[in-house]
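Work through the exercises below on a two-chain interface. Each task is followed by its solution.

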Amino acid sequence: MVTLGELVTLLGCEPGSVDTSIELDRIAPLGRAGPRELAFIAEPRYLSTLKSCTAACVLLKPEWQGDSPVPSLGVADPYLAYARVSALFDLGPAPEAGVHPGAFVDASASIPASASIGPGACVEADVVLGENVVLSHGAHVGRGAKLGDNCRLWPGAVLYHGVVLGDDCVVHANTVIGADGFGFARHSDGWEKISQLGSVRIGNRVDIGAGVTIDRGALDDTVIADDVIIDDQVHIAHNCVIGRRTAIAGCVGMAGSTVVGEDCTFAGQVGVSGHLKICDNAHFTGQAKVARKVEEPGSYSSGTPLEATRQWRKNAVRFGQLDAMHRRLVKLEAKLDALGEAASDDD
Amino acid sequence: MVTLGELVTLLGCEPGSVDTSIELDRIAPLGRAGPRELAFIAEPRYLSTLKSCTAACVLLKPEWQGDSPVPSLGVADPYLAYARVSALFDLGPAPEAGVHPGAFVDASASIPASASIGPGACVEADVVLGENVVLSHGAHVGRGAKLGDNCRLWPGAVLYHGVVLGDDCVVHANTVIGADGFGFARHSDGWEKISQLGSVRIGNRVDIGAGVTIDRGALDDTVIADDVIIDDQVHIAHNCVIGRRTAIAGCVGMAGSTVVGEDCTFAGQVGVSGHLKICDNAHFTGQAKVARKVEEPGSYSSGTPLEATRQWRKNAVRFGQLDAMHRRLVKLEAKLDALGEAASDDD
Amino acid sequence: MVTLGELVTLLGCEPGSVDTSIELDRIAPLGRAGPRELAFIAEPRYLSTLKSCTAACVLLKPEWQGDSPVPSLGVADPYLAYARVSALFDLGPAPEAGVHPGAFVDASASIPASASIGPGACVEADVVLGENVVLSHGAHVGRGAKLGDNCRLWPGAVLYHGVVLGDDCVVHANTVIGADGFGFARHSDGWEKISQLGSVRIGNRVDIGAGVTIDRGALDDTVIADDVIIDDQVHIAHNCVIGRRTAIAGCVGMAGSTVVGEDCTFAGQVGVSGHLKICDNAHFTGQAKVARKVEEPGSYSSGTPLEATRQWRKNAVRFGQLDAMHRRLVKLEAKLDALGEAASDDD
């Protein structure tokens, strides 16, 4: 339970005439929020829904406050305000400090009293954990890894030896950071493995989803800068460098040694080839095939639109004839020009 | 070892003249099944193979029984009959009831005597398990999660706090259900995390493969209806709703808040954008890019066919000129029309 | 620390006049390697960088030795030589032999004294481990599985019951081998599960990344031949057969029963349909959609190139009109031919 007064304090906004003792149980969508629920409206197209809102309170832009039938708090960016207050309503588990007796912690590891090490978690030799670090059930921190303050590893997350996380990082369940990059040299009978001698260095406030893989570098480190956010099932290969505040959605795959700028966004399932340079502020729509460098900020896409399969088959066959079609077009143009000239000669 | 009599009982079919004491060691493909093996034939194109079959018994349609050189059982749907009897031949581990001494079970959790909790598994506070639930080695059930009867979590599967599974669900190894959805609000210096306050609700008889991620909802729950089947490495983002009996093949990625109807099928690597509505009975071929709503049942596709790279490069270049080609085509048509008219004027 | 003499011995190359007592701390990129570092040059285009190299020693082709300002070792294949010596510089954890008291090992399992079983790892009944096998923290080896000599499972890797690994295999963290294939028969109310009665058989020297899923077969086994290398997040469905030395990059998905030849390469995110046959020496570029059999060696591709989204939208619309455009082109050609003939008739 959260009071409106707590919201006012957190957001630093003007309470105006609202009763700050009003109690809120949770946040709910604008159209369904009831008398003990908080709602928010971030876009003008929902103003018609606002009219019939029955929430205890609504977060909205100051200029919309006159349209609200219920108490409201005016804030410059209601979506950001919603994000900020959402943590107050989070009833997720807040682990207690201490090392569970069922954890496996090497005596050489540096574990502050504020850290929480869950059952079955493993902390190898020479690991250094910051204040308030949470390692959930079964998490693994390999030899010599370093985690900054307030990092949280959810169950089954694995950091290989030597991986470095800054402060305030989140790593969701079963994500793997620091496995060997995919490096092999071909010989006559098969493949010679190249030992991956680099590590992974991750900045501050990096949020990493579940089932992600970020590989260790071959010689240098793989690097994820501050404030990068990474969704589930993303794969980042060895020696990639990801710039600050870049956001990577689910199932994106990035091949080795690619360098991505700041403030980029990758939608779901984008595939990025290796050894590319992507400039700042480049944005990629879902499934884009990024097989060349990108030097201009902007939005990029590839692929073909969804069609009924019967129709798609016809068009897809023509794709395979596209170059031939182009040649036929050129020929037609030439012929027609010739005819046109002949015709004008006739005149 | 299974007798033919057991098959007859399970399938409720007519034994006819077959010797129900015949013993079967396993199921084998029609062309290779030997004298202690069961085979099946589901499609008429394999009838020629049936002629030389040496299996102990064949499951087939009643009208094909005359063609079988070996004992047979006539059933309306031989493939379904094969599925039904396959469990009799499954020699996989059947865990014993009880809590392994190496498991971590909170005293407040409700664990029936029939449940089996493996070594290293973790059951947090206020969890409720149904009858015969199996939690394998290292599985994790977060605070307050509820599992119906006969659910089975394979090693390393993780259910976050509050996740709800119906009866008879399977969750394969290292799958993660209930991690935070990918929700952030942008501010000037980076991203503000939006606490994911919803959960994941999964119906009855839902089968989920290995390495899957299904995220918890932002405000409402992510919902998977009864009888949905999900292959390995599928990603389902927050607030998706998946309708009954829908089948989702490997590596499919679905962005947030998309609502999928009943009886849909998604082939491998299909990508679905967020906030879409997909009607019942919509089917998507492999790698389809579903970036718009789908309102008509049927099969949908996108992409281009596989070609030799040398040829593909030529066609792919032309794709980038497709709109220009179209304009050239329109121009040619106009010119030719003009010429044609001029020609007929000449006549 | 490694001496140049150790390198000479390992590579079996000619030391010439180099001082074999030179000590090397690590391997570094050619352009940055310092006086205690080893560098290598594998391609002539880096010869200009070689001129200013300050490494302790460079691995290079004998014909380039004259260009090196620092000591060098001449080898036929410098990249392969780099791979071979890289292991000497690997400071990753080398687990000690023995069973950790926090491991769960069934009494019936066969565990040689040279094996290393980490904390929280689980070895079920009837498992057979080869010499020097390493099972890291939390790894799972299901009932009756067999691992050859020198296999290593990283944390959280899961082998289901009956899975067989040859010698010298690596399985990175949270990879799952042997989960059920995605096999169901449709009935009127939903899906009947088909028990997956096969297993997974993996050859010698197979290297498997993190977060991979390889499913067990329905009746027969899924088979991965010797010397196959598999990157992170790859999915291989039931009953696939992968030929020797084939390399599969990150996020590739392969549907069931596909048979892949030897020496193939799959770049990232390639999708392969089921029941296909792919010949030896077939190569697929990133995101290729392999929905038909491949009978000729060579390189294959599909998809469209990356474009600015604004331009892509225009071209993508035309893709949906491609068959119609083709018909218009054919019509134009016919019309023009008719006009041409009419024109020549006029002459």
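**Exercise 1.** How many residue pairs are in polar contact across the interface of chain A and chain B?

*Solution.* The model is predicted, so a confidence filter comes first: side-chain atom pairs count only at pLDDT 80 or more. With both residues at that level, the rule finds 42 residue pairs in polar contact between chain A and chain B. Next, locate the chain A side. Elements that each supply at least two residues to it include helix H3 (78-86), helix H4 (309-319) and helix H5 (322-346). H5(A) gives the most, with 13 residues. Finally, sort that side by residue class: 37 nonpolar, 22 polar and 15 charged.

**Exercise 2.** Find the salt bridges across the interface and give one example.

*Solution.* Apply the cut-off: a side-chain nitrogen of Lys or Arg within 4 Å of a carboxyl oxygen of Asp or Glu. The rule finds 6 salt bridges between chain A and chain B. One of the pairs to check is A:Arg84 with B:Glu192. Their side chains meet at 3.2 Å, N to O, in a salt bridge.

**Exercise 3.** State the extent of the interface and the area that the two chains bury.

*Solution.* Start with contacts: 74 residues of chain A touch 79 residues of chain B. Then take the area. The two chains bury about 6100 Å² between them, with 61% of it on carbon and sulfur atoms. In chain A, the residues that lose the most area to chain B are A:Leu306, A:Phe319 and A:Leu336, together 13% of what that side buries.

**Exercise 4.** Which strand of chain B is joined to E38(A), and in what direction do they run?

*Solution.* The partner is strand E37 (residues 298-301) of chain B, joined to E38(A) by 2 bridges. The two strands run antiparallel. Within E37(B), B:Ser301 is the bridge partner of A:Glu307.

Key:
Residues are numbered from 1 along each chain as its sequence is written. Chains are lettered from A and ligands numbered from 1 in the order in which they are written. This is a predicted model: local features need pLDDT of at least 70, side-chain atom pairs count only at pLDDT 80 or more; totals for chains, interfaces and linings use all residues. Side-chain values use heavy atoms; hydrogens and water are left out. Contact means heavy atoms within 4.5 Å. Buried area is the accessible area (1.4 Å probe) that two parts lose on being put together, summed over both. A polar contact is a pair of N or O atoms within 3.5 Å; within protein, one must be able to donate a hydrogen and the other to accept it, and residues adjacent in sequence count only if both atoms are side-chain atoms. Helices (H or I, at least four residues) and strands (E, at least two) are DSSP runs, numbered from the N terminus. Ala, Val, Leu, Ile, Met, Phe, Trp, Tyr, Cys and Pro count as nonpolar, Asp, Glu, Lys and Arg as charged, and the others, Gly among them, as polar. Two strands pair if DSSP finds at least two bridges between them.
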